[in-house]
Amino acid sequence: MEKSELEKFSYSKLDLLNQCNKKYELKYIEKNYSSKSTIPLKMGSLLHEALENKCNMILRNEKVNYESINDFIDKGVKEIKAEFPIEFYEPDNASGMNYDEKIKLFKERVLPDRINPKDEWKPICAEQHFSFVFNNKVIIHGYIDRVDMNTEGDLKVIDYKTSKKVFPDSKLKTPLQMFVYDLACYALYGKIPIEHEYDFICIDTQITEKDGVCTKGYFSRGLRKLMDLLEHEQDIKKNHDYAPNATPLCYWCDYAGHTPNADPKYKGMCPYYLLWTPDKKTFKVNRRYDKKQNISPSRKFVF
């Protein structure tokens with residue numbers, strides 16, 4: 001098969017397939033892409049770009065212009081405040097901070113602390129695009145927030161997160177995202193990174209191998225998981241059995257009927273959502289999925 005004919009997968013697409021077959025079908029098979037903006041997406045893009053700007057200044061051997069970066073942040077924050085005037089000042093349950101406080105923390109502590117040219121690790125790229133053929137079957141593509149290199153030529157992958165709390169151990173031991181980035185680094189630089197870091201830039205917390213990221217054997221486990229997931233995708237597509245995985249995540253799904261602030265074009269497209277809400281933690285579903293009408297039952301993956 002020609003490369004142009006291979007199906008393309010990003011980490012986001014793989015992760016959604018892992019979460020729920022039905023959501024995967026509605027988004028990637030039926031092409032129901034929401035254009036509705038949200039404050040987490042807007043804020044994440046803004047802070048990612050601010051760090052990218054700093055990294056690019058260092059890569060160009062320029063003195064970091066914090067004034068221009070902070071002006072860029074202030075302009076973006078002003079636009080976000082205008083679009084989300086209420087949500088901007090609402091504290092989240094996990095960190096207890098609102099976005100105004102998170103921006104202050106980012107500007108005062110995170111921005112000046114990250115990507116220090118005097119550190120052992122120095123950046124070699126920011127927002128690095130990658131695209132490679134995996135197992136002669138699919139193309140995996142995406143962007144890596146940052147790759148660093150030490151004096152020995154070893155690589156370290158850094159991924160920025162704007163989550164309100166650190167990931168649980170179950171998502172750190174064998175993160176599919178980091179495994180995909182490892183494959184990308186091998187395609188780009190001919191090396192597998194020896195270190196991995198999740199940088200939670202809204203709560204100023206960096207998580208690395210010593211904190212449980214990519215535990216021993218993660219690479220072989222990641223390879224098996226990726227291959228199983230791609231096989232699963234072919235199976236459900238062949239049998240047209242996109243059985244839903246009803247979980248509390250349904251509360252934030254664009255296609256569920258009870259989703260707050262969902263895109264009205266897609267709200268209610270999936271009737272099989274869990275009725276769970278933050279205020280009413282029930283495990284009843286809106287409608288049961290009839291497996292008798294499908295050939296292949298769904299498989300659940302936990303990464």
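Guide: Let's start with a cut-off: a residue is buried under 20% relative accessible area, exposed over 50%, and partly exposed in between. Keep in mind, too, that what you see here is a predicted model.

Visitor: Okay, why is glutamate 62 called partly exposed?

Guide: Glutamate 62 has a relative accessibility of 39%. That value lies between 20% and 50%, so glutamate 62 counts as partly exposed. Arginine 60 comes out at 48%, so it is partly exposed as well.

Visitor: And what makes glutamate 62 and arginine 60 a salt bridge?

Guide: The cut-off is a side-chain nitrogen of Lys or Arg within 4 Å of a carboxyl oxygen of Asp or Glu. In this pair the closest N and O atoms are 2.9 Å apart, so glutamate 62 and arginine 60 form a salt bridge. In general, side chains of opposite charge can pair when their charged atoms come close.

Visitor: How do you know that aspartate 211 and lysine 210 meet in a salt bridge?

Guide: There, N to O is 3.6 Å. That is within 4 Å, so the pair counts. As for cover, aspartate 211 is partly exposed at 31%, while lysine 210, at 73%, is over the 50% mark and therefore exposed.

Visitor: Which helix holds lysine 237 and glutamate 233, and what links their side chains?

Guide: Both lie in helix H7, four residues apart, which is about one turn of the helix. Lysine 237 forms a salt bridge with glutamate 233, with the closest N and O atoms 2.9 Å apart. Lysine 237 has 32% relative accessible area, so it is partly exposed. Glutamate 233 has 1%, under 20%, and is therefore buried. Elsewhere, salt bridges that share partners join Arg109, Asp113, Arg114, Asp199 and Asp204 into one network. A search of the whole structure finds 16 salt bridges.

Visitor: Is lysine 13 buried or exposed, and what makes it so?

Guide: Lysine 13 has 9% relative accessibility, which is under 20%, so it counts as buried. You'll find lysine 13 in helix H1, residues 11-19. Leaving aside neighbours within four places in sequence, lysine 13 is in contact with Glu7, Lys8, Tyr24 and Tyr28.

Visitor: What about lysine 137: buried or exposed?

Guide: Lysine 137 reaches 58%, over 50%, so it is exposed. Lysine 137 is in the loop between E2 and E3, and beyond its neighbours within four places in sequence it is in contact with Leu6 and Glu7.

Visitor: How do you know that E2 and E3 pair?

Guide: At least two bridges are needed between two strands. Strand E2 (residues 122-134) and strand E3 (residues 138-149) share 11 bridges, so they pair, and they do so in the antiparallel sense. One of the partnerships is histidine 129 with tyrosine 143 in E3. The hairpin has three residues between the strands, and asparagine 135 there takes a positive phi near 55 degrees.

Visitor: In which sense do E4 and E5 pair, and over how many bridges?

Guide: Strand E4 (residues 155-161) and E5 pair in the parallel sense over six bridges. Aspartate 159 stands opposite tyrosine 198 in E5.

Visitor: What makes you call strand E5 mostly covered?

Guide: Five of the six residues in E5 (residues 195-200) are buried.

Visitor: What is unusual to look for at glutamate 127?

Guide: Look at its phi: glutamate 127 has a positive value of about 50 degrees although it is not a glycine. Glutamate 127 is in strand E2, and its 26% falls between the two cut-offs, so it is partly exposed. Histidine 240 also has a positive phi, near 50 degrees. Histidine 240 lies in the segment after helix H7, and at 51% it is just over the cut-off, so it counts as exposed.

Visitor: How many helices and strands does the whole chain have?

Guide: Seven helices and six strands.

Visitor: And why is the chain called as compact as a globular protein of its length?

Guide: The radius of gyration is 21 Å, close to the 19 Å that the globule rule gives for 303 residues, so the description fits. Buried residues make up 45% of the 303.

Note on methods:
Residues are numbered from 1 along each chain as its sequence is written. This is a predicted model: local features need pLDDT of at least 70, side-chain atom pairs count only at pLDDT 80 or more; totals for chains, interfaces and linings use all residues. Side-chain values use heavy atoms; hydrogens and water are left out. The radius of gyration is taken over C-alpha atoms; the globule rule is 2.2 Å times the number of residues to the power 0.38. Buried means under 20% relative accessible area, exposed over 50%, partly exposed in between (1.4 Å probe, protein chains only). Contact means heavy atoms within 4.5 Å.
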